[in-house]
2 protein chains.
Amino acid sequence: MKEKSMRVVKSAQERKNEILDVAEQLFEEKGFDNASTNDIINRIGIARGTLYHHFASKEEILDAIVERMTREGISKASLIVKERSVPICERLTAAIMALNIKGGAASEVFDQIHRPQNALLHQKMQERLLEGVVPIIEGLIREGNETGLFDSEYPREAAEMIMIYSSVAFDELTNLSNEDILKKGQAFAYHAEKLLGAKENTLKDAIMNIITSQNR
Amino acid sequence: MKEKSMRVVKSAQERKNEILDVAEQLFEEKGFDNASTNDIINRIGIARGTLYHHFASKEEILDAIVERMTREGISKASLIVKERSVPICERLTAAIMALNIKGGAASEVFDQIHRPQNALLHQKMQERLLEGVVPIIEGLIREGNETGLFDSEYPREAAEMIMIYSSVAFDELTNLSNEDILKKGQAFAYHAEKLLGAKENTLKDAIMNIITSQNR
DNA sequence: GCTTTACCGACAGGTTGTCGGTTAAGTTAT
DNA sequence: ATAACTTAACCGACAACCTGTCGGTAAAGC
């Protein structure tokens, strides 16, 4: 019945990843507050001391998970942006949506992420993503200014506004009708064009494409 | 040394408010997670059972506090908006800033509100405020559309975008230099004008007034 | 006098983080 | 090669909390 405590030793790196994997999974299932460190160690089969040998606190585990999850999205966005052969509009929308995690590996987390138990996780991820992606978008806007596609006096703040809005608003389109989602997407495209000083419908198609494709 | 447990009975309403007052104070001081229900009952001088007689859980206390704090801001905003003698621009900016709690009674909370321990509080307040204020702003935009001051195709979404941005961005201007704050304010005014389809500098003065006055 | 409701405090069952001790792995010395 | 030593992963008992429950008591209202 009871597993004998066969001592298994792994490299620090390996164990840390193991802990993060299980913790992430558990936070998805039960939320950050409800998932206990006991849950983690039981599922892995290690002792309390081991967990705290690798991480100083439960919150540090959370931070590491956030770091791991966001790094992927940010580096993806920064890669997209460098593809100068692709039209700016496509790159812009793709970068924006890299933040919107749904497509990524973390897509199952996404549904749970708004439950109140995950307020911390949500906040930290959002902070991290904004901080990472805003400068990328800003650069793209400047590029658009140079080519005459955009006309933005405050590229940084425009990027902030677009990112912040899309990260909050597109958070909760799960409980919206398809019709409403379309409207929201159109409104977003319209407003983004205004903010960037772009001609009407410059962004519309690129944005609507992504929205309709990822939300079926 | 030890207070005798003289039994003091108060009306439910009175006791509830007492609990909310102390809890709010404690959440400010230590954050929601770090403030325990024991802290609350000790400071008031009541027993555990009494607390749980009035509130079913710690989170319910939080919800009641959020409700209390936001009700004020929302009703203030809705009053402002009704003053049809005041120019629309002034009403708009005033309503926007009613959400930015700094001016209100909760101004001390504000500094603590971003500490990670308060993620839940923060999230709940933001949700509640947006939900309450967005329709108000939307109405104002429609009014502006009629008088020809604005030209907004999606009043609802424009209101959302403005509110969401200002609630996130103006959150953390405490650690910014005065210069940066000014720039941020100007950028916000500029972008709000674009979003609403208003003429240049329509909103600038009203917005800059509020920002410079409330942040000294 | 009877019912309702505010109040009490012990208690169960859970949580996080600490700490001294143990064992495996890696390193140096002989 | 192997013995001796150092480092680092690992263990599990434990202290010090925490939230929410519950049977019982006392005041208020009818």
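**View 1. Phosphate contacts of DNA strand C.** In this predicted model, a polar side-chain atom of B:His54 sits 2.8 Å from a phosphate oxygen of DNA strand C. On chain A, an N or O atom in the side chain of A:Tyr52 is 2.7 Å from a phosphate oxygen of this strand. The backbone takes part too: an N or O atom of B:Val8 lies 3.2 Å from a phosphate oxygen of DNA strand C.

**View 2. The protein surface near DNA strand C.** Here you can look for the 24 residues that surround DNA strand C (near means a heavy atom within 4 Å), with A:Thr37, A:Arg48, A:Tyr52, B:Arg7 and B:Arg15 the closest. The element that gives the most is α3(B), with five residues; helices are DSSP runs of H or I with at least four residues, numbered from the N terminus. Of the strand atoms within 4 Å of the protein, 62% belong to sugar or phosphate.

**View 3. Phosphate contacts of DNA strand D.** A polar side-chain atom of A:Thr50 is found 2.8 Å from a phosphate oxygen of DNA strand D, and one of B:Asn38 is 3.1 Å from a phosphate oxygen. Contributing two or more residues to the surface near this strand are α1 (12-30) and α3 (48-54) of chain A, along with α2 (37-44) and α3 (48-54) of chain B.

**Notes for all views.** Residues are numbered from 1 along each chain as written, and chains are lettered from A and ligands numbered from 1 in written order. Local features need pLDDT of at least 70 and side-chain atom pairs pLDDT 80 or more, while totals for chains, interfaces and linings use all residues; side-chain values use heavy atoms, leaving out hydrogens and water.

Key: Polar contact = N/O pair within 3.5 Å; in protein donor to acceptor, adjacent residues only side chain to side chain.
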